[in-house]
Amino acid sequence: MNGKRVKKKSFRKQKPGTIARLRVVARPGSPTRGLVLAPGFAAPVALGRGGIRHDKREGDGATPAGTWHPLELRWRADHGRRPASGLPLRRTRPDDLWCDAPSHGRYNRPVRAPFRPSHEEMWRPDHLYDLVLVLDHNQRPRRARRGSAVFVHLAREGFEPTAGCIAFRRADLMRLLARIGPRTALVVG
């Protein structure tokens, strides 16, 4: 060695016990209901009213097929305790929105009220977004009309179809959140 320090690269490792890969499949004969499967984990989910599609388009109601990764977890602190998770956490605030206007520069990005272009309300009265797992679907590169606001969130009673998201029972999602991290792959289709 010549006396110079060599800077080592640090690689973010998954915690032991973290699920590396989840598989999301539609139930045979029921394209809007599915299962999420991983070693030691299985749960029923609601899928988009358009089923799982490889050619996702804005407003088609389909859950996009592909491999997605969680970016962050948002939660309503007024509707429950802070979830245990290895993901970056962010509290949802009353003025949080998500832009779903394909022609806007903030398309498929979080925005704040007041915001006139088309958007999704993140502070919802129906509790579906009390826990929201933001996925990297259509993030990099971001393409207009290829789908926005595709999340993992809480399911409606009876697992009614979503607008394209993947929806869990609260207990199942809480159990899953404790076992996933930023490198977990969510394989849909």
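Here is a short chat about a predicted model and the terms used for it.

Reader: What should I know about the model before we start?
Author: It's predicted, so local features need pLDDT of at least 70 and side-chain atom pairs pLDDT 80 or more, while totals for chains, interfaces and linings use all residues. Residues are numbered from 1 along each chain as its sequence is written, and side-chain values use heavy atoms, without hydrogens and water.

Reader: What makes the protein as compact as a globular one of its length?
Author: The globule rule is 2.2 Å times the number of residues to the power 0.38, with the radius of gyration taken over C-alpha atoms. For 189 residues the rule gives 16 Å and the protein comes to 18 Å, which is close, so it counts as that compact.

Reader: How many helices and strands are there?
Author: One helix and 15 strands, where a helix is a DSSP run of H or I with at least four residues and a strand a run of E with at least two.

Reader: Why is something called a nonpolar core?
Author: Because it's a set of buried Ala, Val, Leu, Ile, Met, Phe, Trp, Tyr and Cys residues joined through side-chain atoms within 4.5 Å; buried means under 20% relative accessible area with a 1.4 Å probe, protein chains only. The largest one here has 26 residues, with Ile166 and Phe168 making the most contacts inside it. A second, separate core has nine residues, including Trp98 and Phe151.

Reader: What does Phe168 touch?
Author: Leaving out residues up to four places away in sequence, its partners include Val36, Phe41, Val152 and Leu176; contact means heavy atoms within 4.5 Å.

Reader: How much of the protein is buried?
Author: 44% of the 189 residues make that cut.

Notes
Buried < 20%, exposed > 50% of the residue type's maximum accessible area, 1.4 Å probe, protein only.
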